[in-house]
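Visitor: I'm new to this one, so please pick a single loop and take a close look at it for me. After that, lead me onward from there.

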Amino acid sequence: MRYLDKEAIEHIAIGAAFLGTGGGGDPYIGKMMALSAIEKNGPVKLYSVDEIEDDDFFIPAAMMGAPSVLVEKFPRGDEFVKVFQKLAKYIGKEKITGTFPMEAGGVNSMIPIVVAAQLDIPLIDCDGMGRAFPELQMVTFNLDGISATPMAITDEKGNIGIFETINNKWTERIARSATVEMGASSLISLYPTTGAQIKKSGVHHIITLSEKIGEIIASKNRNVKEKLHELLQLVSGYELFQGKIVDVIRETKGGFNLGKMNLEGMEVNKNENMKVHFQNENLIAEKNDQVVAMTPDLICLVDYETLLPVTTESLKYGKRIRVIGLPANEKWRTDKGIETVGPNYFGYDYDYAPIEELVKKVVAEHV
């Protein structure tokens, strides 16, 4: 067990936004909410998965909807605890041992910190994705048959409710419809989980990994080349492209940020091009019309000079970025994982191939 102070939260927000692959919310908004919570309530206790008991009980908390909406539709502040307590009361648990993030992301890694600080409960070093995905059934707990419901949902206006659904895909469909009616963003608590289920089905050490990534990116005593090398070593990643954004097609539809970004190559990628397709999160990267990374592997965009993560809602013409790819958690590379979050699910006519193979293929073709 250790305590998360302000510096740790700064680093976690950066690292989680990196792992959020363009989604998961604006890291600045998330960071400010978490910093405010610990300033008022004190530092948050972080427990490793090894420190919890099998019969302990946990509830995550998260934001659902289009991340771009959160920039204008800012949370009131009490929704996170309200939705958490609503679900706890409904399932009849007098004692909730702790909370954890459902995904990695600039906002969704921070919301559980707010809940932990306000309720004085520990945060567990795990999540349900190891990255961010756009739909509620896209969680490692779902792969093991754990139900997303009962689930609580609320908004900044005070509307609040409970869902019980026949399966996790129906949870997504019904909650998405409610979220659209709530203004394209809502606050949710779902996947109530035991310690034993976290140990089996969660993605462990994700908060610690986020913090390490953030420490590297925020470092002041190393140049960009050194930081990039250290970052790629840490996450077993690849620099896929260096370029300037020349076109962004984006819309908010059905509670998602949907679109495509075109990059014009620069430096080592001069006279080349890349397209990145996204649905809240980056899903497919095509270099010179050849796929070099695809979901569930991570496609992360960072600022060319600072390496700070670039979310899909902040993409704009002329911005210079690096595209980094890294392998997904092994749970997503199973048949069930690929069926749930692979390229075919999102409507792309590609059979999943690991990023290691795609990168090797591109290199071999250029030799």
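Guide: Let's start at Thr-21, which sits in the loop between helix H1 (6-19) and helix H2 (27-41). Helices (H or I, at least four residues) and strands (E, at least two) are DSSP runs, numbered from the N terminus. Before we go on: this is a predicted model, where local features need pLDDT of at least 70 and side-chain atom pairs count only at pLDDT 80 or more, while totals for chains, interfaces and linings use all residues. Residues are numbered from 1 along each chain as its sequence is written, and side-chain values use heavy atoms, with hydrogens and water left out.

Back to Thr-21. Its phi is near 50°, a positive value in a residue other than glycine. Most residues other than glycine have a negative phi, and most peptide bonds are trans. Thr-21 is also buried, with a relative accessible area of 0%; buried means under 20% relative accessible area, with a 1.4 Å probe and protein chains only.

Thr-21 has some company. Leu-307 is not a glycine either, yet its phi is positive at about 70°. You'll find Leu-307 in the loop between S17 and strand S18 (320-326), and it is buried too, with a relative accessible area of 0%. Asn-288 is another one to look at: it takes a positive phi near 50° in the hairpin of S15 and S16, where two residues lie between the strands.

While we're at that hairpin, follow its two strands. Strand S15 (residues 281-287) runs antiparallel to S16, and four bridges join them; strands count as paired if DSSP finds at least two bridges between them. Ala-285 stands opposite Ala-293 in S16. Strand S16 (residues 290-294) has four of its five residues buried, so the rest of the structure largely encloses it.

Keep going and you reach a cis peptide bond, from Thr-295 to Pro-296, with omega near 15°. Pro-296 belongs to the loop between S16 and strand S17 (298-303). There's a cis bond between Thr-149 and Pro-150 as well, where omega is about 5°. That proline, Pro-150, is in the loop between helix H6 (140-143) and strand S7 (151-154).

Just past Pro-296 comes S17, and Leu-298 lies in it. At 2% relative accessibility, Leu-298 counts as buried. Its C-alpha is separated by 9.3 Å from that of Ile-284, and the two residues are 14 apart along the chain.

Now for the empty space inside. Rolling a probe the size of a water molecule over the atoms shows where empty space is left. This structure holds two cavities of 30 Å³ or more, a cavity being a set of points on a 1 Å grid over the protein atoms alone where a 1.4 Å probe fits but cannot get out. The largest has a volume of about 200 Å³, a volume being the space filled by probe spheres set on the grid points. It is lined by 20 residues (those with an atom within 4 Å of a point), and Met-63, Glu-103, Asn-108, Phe-133 and Pro-134 are the closest to its centre. The lining divides into 12 nonpolar, four polar and four charged residues. Here Ala, Val, Leu, Ile, Met, Phe, Trp, Tyr, Cys and Pro count as nonpolar, Asp, Glu, Lys and Arg as charged, and the others, Gly among them, as polar.

Strand S4 (residues 62-65) gives the most to that lining, with four residues. Both faces of S4 are covered, as Ala-62 and Met-64 on one side and Met-63 and Gly-65 on the other are all buried. In a regular strand the side chains alternate between the two faces of the sheet. S4 is joined by four bridges to strand S9 (residues 185-189), running antiparallel, and Ile-188 in S9 is the bridge partner of Ala-62.

Last, swing over to a little sheet. Three strands form an open sheet in the order S1-S2-S5, with mixed pairing. Strand S1 (2-4) and strand S5 (123-124) are at the edges with a single partner strand each, so one side of each has no neighbour in the sheet. S1 pairs with strand S2 (residues 44-47) in the antiparallel sense over three bridges, and Tyr-3 stands opposite Lys-45 in S2.

Technical notes: On a 1 Å grid over the protein atoms alone, a cavity is a set of points where a 1.4 Å probe fits but cannot get out, and a pocket is an open set with protein on both sides within 12 Å along at least five of seven lines; lining residues have an atom within 4 Å of a point. Buried means under 20% relative accessible area, exposed over 50%, partly exposed in between (1.4 Å probe, protein chains only).
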